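User: Please take a close look at one chain of this model. I would like its fold content, its packing and the confidence behind it in one connected account.

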Amino acid sequence: MTKWNLTWDKGVGLFLIFAVFLGSVLSDNFANPSNLSFVLRDVTEFAIIALAMAFLIISGEIDLSVASTLNLSSASLGFLYRAGVPFEVAIVGGLLVGLACGLFNGYLVTKLGLPSLAVTIATLALYRGLSFALLGNQPVNELPEFWIGIGYGRIPGTFIPWSTILLVVLAGVAWFVLHHTRYGRWTFAIGVNAEGAKFSGIPVQRTKLMLFAMTGLMSGVAGVVYTLRFASASPDGAVGYELSIIAAVLFGGVSIAGGVGTMWGVIAAVLSLGVIRSALQLAGFTANSLLIVSGALLLISVITPKITETLRNRTRAVGKENTKKTIREVGNEKSTP
Amino acid sequence: MVLASSQGGPPVLEMVHVAKSFGGVRALVDANLTLYSGEAHALLGENGAGKSTLLKALAGVHKADAGEITLKGKPFEQGSTKDSIEQGIAVIYQEPSLFPDLTLAENVFIGRQLTNSGLVDWAAMEKASRELFNRLGVTLDPHQKARGISIADQQIVEIAKALSTDASVIVMDEPTAALSSKEVERLFTVVRNLREQGSAVVFVSHRLDEVFALCDRMTVMRDGSTVGSALISETSENEVVQLMVGREVSDLYPKLPPKIGEVVLEVHKLSLEGQFSDISFEVRAGEIFALAGLVGSGRSEVIRAIFGIDRYDSGSVTLNGKSLPTGKPAASMSAGIALVPEDRRQQGLFMASSIARNVAVTLLKKLSTWLLVRKRREESAAEQWATTLQLKFASLDDPVERLSGGNQQKVVLSKWLATEPQVLIVDEPTRGIDVGTKAEVHRLLSQKAQQGMAVVMVSSELPEVLGMADRIFVMREGTHMGTLNRDEADPEKIITLATGGVIAR
Amino acid sequence: MRAVTNLFRAREMPVFLALVVVVAIAGIANPAFLSAAGAIDILLGVAIVAILAVGQTFVIVMRHIDLSVGSLIGFTSFLIGDMYAQGYGLWGGLAAALAVGLAVGAANGFLVAYLKLPSLVVTLGALYIVRGVFNDYAFGRTITAAMVPPEVAWIGLNRLGGIPYLFLIGLSLVIISGLVMRRVKAARDLYAIGSNPAAAELAGIPVARRVFGAFVLNGAITGMAGAVMLGRFNAANANSGLALELIVIAACVVGGVTIAGGSGSVWGAFLGAILLQAITRTIGALGIPQFWQQAFNGGLIILAIAFDKYLNSRVKTTTIMGSHND
């Protein structure tokens with residue numbers, strides 16, 4: 001982990017604090033419990049998927065089909081329930097569908113060797129199409145009270161939605177795996193140099209397949225959460241979500257080139273986006289301003305590293321006028337312990 | 001061969017007192033090079049001597065900070081690569097880079113397509129490239145796409161490109177590194193043709209035997225400066241090596257008395273279509289077993305198959321009696337095999353990652369309790385090996401790309417020795433390393449062998465093979481040509497086997 | 001003879017054959033499909049995607065991508081109607097559309113070519129920003145038939161010799177671009193850049209300038225294509241062009257313009273656009289509900305990419321054994 005990335009990390013954290021501050025300033029309604037609860041709920045599906053997407057992008061791949069997978073899981077849940085399957089089982093069905101979508105993506109990329117960008121653009125269409133095929137034009141709106149209560153409700157006495165608990169648990173696991181287990185190390189290694197990873201005994205293809213599968217599963221989880229929150233499974237939900245997720249992941253410090261990123265940065269970035277969206281809405285901006293903000297954040301998150309890199313290269317060249325040595329001497333110089 | 005210089009003609013290229021720095025590092029201090037038309041000129045020097053930097057200044061990849069360059073009597077304009085091409089400089093890099101999706105004809109004329117009233121004229125380009133290929137004595141179809149043609153053919157296309165630009169100076173950077181013997185012969189013929197047609201060819205190579213066979217004059221560089229220049233006919237390989245190294249080369253191969261034990265690794269009739277066939281050998285504990293041969297003989301492919309990077313078609317690999325599955329590096333690792341790969345930067349290291357991370361990457365399971373990777377164990381492992389191998393570094397958190405080639409190799413060795421393998425395979429262990437570190441690496445391998453490790457070494461450097469190995473397995477174009485014991489081996493025998501001959505016994 | 005074998009080996013042959021097959025299936029299932037009305041229906045539907053696919057080809061061939069085209073064309077189609085309704089006439093609208101197209105193309109091009117940012121990310125951001133600005137500009141208004149410049153409406157409705165003008169515009173663009181890609185030196189550079197970016201620099205090709213130019217060109221084409229979209233639908237609103245970029249990229253990939261860059265032609269992209277449209281209509285002709293449409297598109301792209309990979313992998317890499325035979 002380079003020092004620069006830790007700085008980016010802190011930067012996003014500061015940005016989050018700034019965003020919350022901005023929100024409170026822009027509107028009195030911002031900081032009240034029911035709004036904060038709304039923000040958390042709003043952010044949950046994005047965040048759950050972003051956790052897995054972070055792993056994937058760090059490893060050098062990408063998945064544009066996540067929103068469609070979310071939607072297909074939701075549609076499968078609705079379809080099964082409408083067909084008479086008990087709701088709990090239907091939930092499992094939805095999760096399995098998400099997993100299957102991820103595995104299919106992973107299979108195409110690892111076994112057939114197809115580029116993940118192109119392939120997931122295709123499965124984005126494929127999975128969404130299948131949602132339509134499952135449900136036709138009829139959303140499923142009759143869902144069990146109990147579950148809708150969980151999807152929408154909060155822990156009694158607090159403003160924290162139930163779904164946030166799920167998010168916190170998943171985020172904790174993701175953070176631990178990425179930064180403290182060998183699977184996380186493998187992910188970084190593959191992103192930095194996939195060939196070198198292979199030569200170091202890391203099972204590159206198997207790991208990538210797992211990452212795609214996890215992304216699909218998380219999209220499935222998000223799909224279930226989404227269905228419960230809106231109390232409806234419909235074929236055209238979550239359109240365009242993938243772009244916000246990727247924007248958040250990149251803004252969180254994960255490099256699009258792979259090999260770099262922190263989980264905390266990603267979480268802070270997703271929260272920031274949610275906060276900004278809410279703040280803008282409350283201040284009377286159109287929902288569409290969020291689009292512009294997401295786009296701008298995306299661009300900023302890629303332009304900034306470039307600029308700092310160029311600046312750093314220039315200062316390195318300029319500052320060393322007095323210490324010129326030949327390459328050979330530089331190599332031997334590092335002998336003083 | 002007739003040299004303009006022997007007739008007193010002016011040089012076609014003069015580079016005088018050229019200097020270049022990158023940040024705080026002086027890559028060129030006082031470099032000089034003089035070329036005459038119609039000659040093949042060898043540019044020699046160890047890695048890091050500055051050969052590449054000098055040639056890149058000529059090629060327009062960067063600009064020299066100081067010095068004068070004169071081409072055909074006129075000052076040379078240092079600018080972009082396009083400027084250099086227009087002034088008559090053509091460079092053929094070690095890895096020829098063609099455009100795989102374009103035809104050979106378009107590759108030859110890339111950026112300067114022939115036109116007819118402003119529009120690209122395909123027929124003219126095909127005709128012209130066919131003529132060029134003929135002139136070089138090669139049959140290639142200008143209409144085929146460049147994807148998939150052999151490296152040797154790619155070089156020919158690059159040479160044709162150089163000719164089509166009416167280049168007065170053609171630079172070839174390590175052109176024979178990836179060629180078979182037949183292809184090397186073909187290349188030499190082409191270079192002789194070029195010479196006769198008046199071009200000046202700069203030939204960068206480490207293979208002194210080739211240099212002495214082909215070239216007319218040579219220039220030796222060391223530590224960024226030119227230290228000598230002479231007619232090939234007036235010097236010897238020993239003198240050249242002395243100039244290159246700058247000091248007495250003594251005890252480069254510290255070999256300890258071997259203690260050879262039982263057979264640990266058995267390779268039986270290993271075959272992979274198009275790469276190698278019917279390879280069988282045994283390696284014992286404590287022995288240094290060398291795979292020798294020319295570059296391109298298939299040795300790296302064999303060891304990659306043994307380790308599991310590539311799958312082989314038939315045959316078997318057995319370690320201590322247990323058969324290893326094909327295509328599973330992790331299985332080979334846990335069984336006790338380690339592979340220090342040929343390409344340090346691409347295959348052996350994570351350049352942007354820290355020293356500690358690089359050393360620990362093969363040890364992650366060992367360094368964890370359950371799932372948790374213990375950071376402190378990571379750091380201490382890296383520290384321990386850094387000390388043992390006398391690694392020269394500033395901080396373990398530094399990215400390895402800041403280290404010198406020799407120290408980078410030490411990091412790769414650390415990461416593999418730390419796995420405590422029974423069989424250590426090293427592929428070109430001292431390529432691109434300064435002389436001092438070379439000796440250290442050799443000493444280390446010898447020590448490990450004496451401690452019972454079986455060492456399999458692939459090397460294209462004869463002195464290294466002769467100095468280190470207990471047994472030498474010679475390959476040529478994917479087949480086993482013969483095995484020599486240490487006491488019976490000498491350079492002639494190895495070269496004979498490596499080039500397809502038979503040793504008279 | 002060589003010309004015939006080369007024709008069969010062309011990248012575009014699989015798409016062409018697929019098209020023939022699809023049309024055959026549809027025609028057998030529902031003969032009305034093969035009628036003049038059926039054909040015109042397809043041609044009308046193809047026009048917009050075909051034009052955008054031509055521009056996208058310039059970009060993909062360089063190993064880049066432009067995801068902002070959907071937002072952009074929606075915006076400019078709205079803009080043309082709006083300018084006309086506000087009294088600036090047809091030319092005012094067209095000028096505005098061109099200006100916006102050039103601006104977006106230049107912004108994308110600058111970030112990708114000179115700041116060397118990944119085009120995926122840059123044009124993704126542009127997709128957002130343009131759509132956002134568009135939404136603000138449109139602010140819930142719509143362009144109705146009355147607000148469409150009569151010339152545009154006329155072109156949208158009429159035909160020349162039975163073929164819709166909209167399609168002919170697309171076809172002309174394809175023909176001209178096809179020639180340019182094949183015979184103009186600067187265009188050949190685009191292929192080189194996509195085939196081997198590092199070598200392109202070394203060969204003296206002005207890479208940054210070409211990349212910038214291609215994005216600007218794509219922006220201009222997309223901007224002007226707003227007129228075609230307006231003529232086709234006789235209306236525009238804030239949702240115009242939504243998700244269109246994916247269909248365009250699908251058409252390119254299906255048509256042999258590989259995402260890896262370096263190969264493919266505007267003819268292939270054109271055939272890809274027709275194929276996608278034909279499949280849409282075929283699904284209708286076979287009585288399958290429209291719902292399966294997207295799924296089919298997705299599956300089709302996967303097949304195209306897989307086939308593309310298969311074609312590329314069949315060429316052998318360097319072998320060591322047997323090299324002594326040459």
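Analyst: What follows is a walk through chain C, with a short note on chain B at the end. The model is a predicted one.

Start with secondary structure. Chain C holds 14 helices and two strands. Its radius of gyration is 21 Å, and the globule rule gives 20 Å for 326 residues, so chain C is as compact as a globular protein of that length. The C-alpha trace spans about 75 × 55 × 35 Å along its principal axes.

Packing comes next. In chain C, 55% of the 326 residues count as buried. Contacts can also be sorted by sequence separation. Take those in chain C with a separation of 6 or more: 79% of them join residues 24 or more positions apart.

Now confidence. The average pLDDT of chain C is 86, and 92% of the residues score at least 70. Residues 322–326 of chain C are another matter: there the pLDDT is below 50. This stretch still has nine contacts in the model beyond near neighbours in sequence. Those contacts rest on residues with pLDDT below 50. For the model as a whole, the scores are ipTM 0.84 and pTM 0.83.

Last, the note on chain B. The domain assignment divides chain B into domain 1, covering 5–245, and domain 2, covering 263–498. Between the C-alpha centres of these two domains of chain B the distance is 33 Å.

Note on methods:
Residues numbered from 1 in each chain as written. Chains lettered and ligands numbered in written order. Predicted model: local features only at pLDDT ≥ 70, side-chain atom pairs only at ≥ 80, totals over all residues. Helix = DSSP H or I, 4+ residues; strand = E, 2+ residues; numbered from the N terminus. Rg over C-alpha atoms; globule rule 2.2 N^0.38 Å. Buried ≥ 20, exposed ≤ 12 C-beta atoms within 10 Å, placed from the backbone. Contact = placed C-beta atoms within 7 Å. pLDDT = per-residue confidence, 0-100. Domains from an automatic or database assignment.
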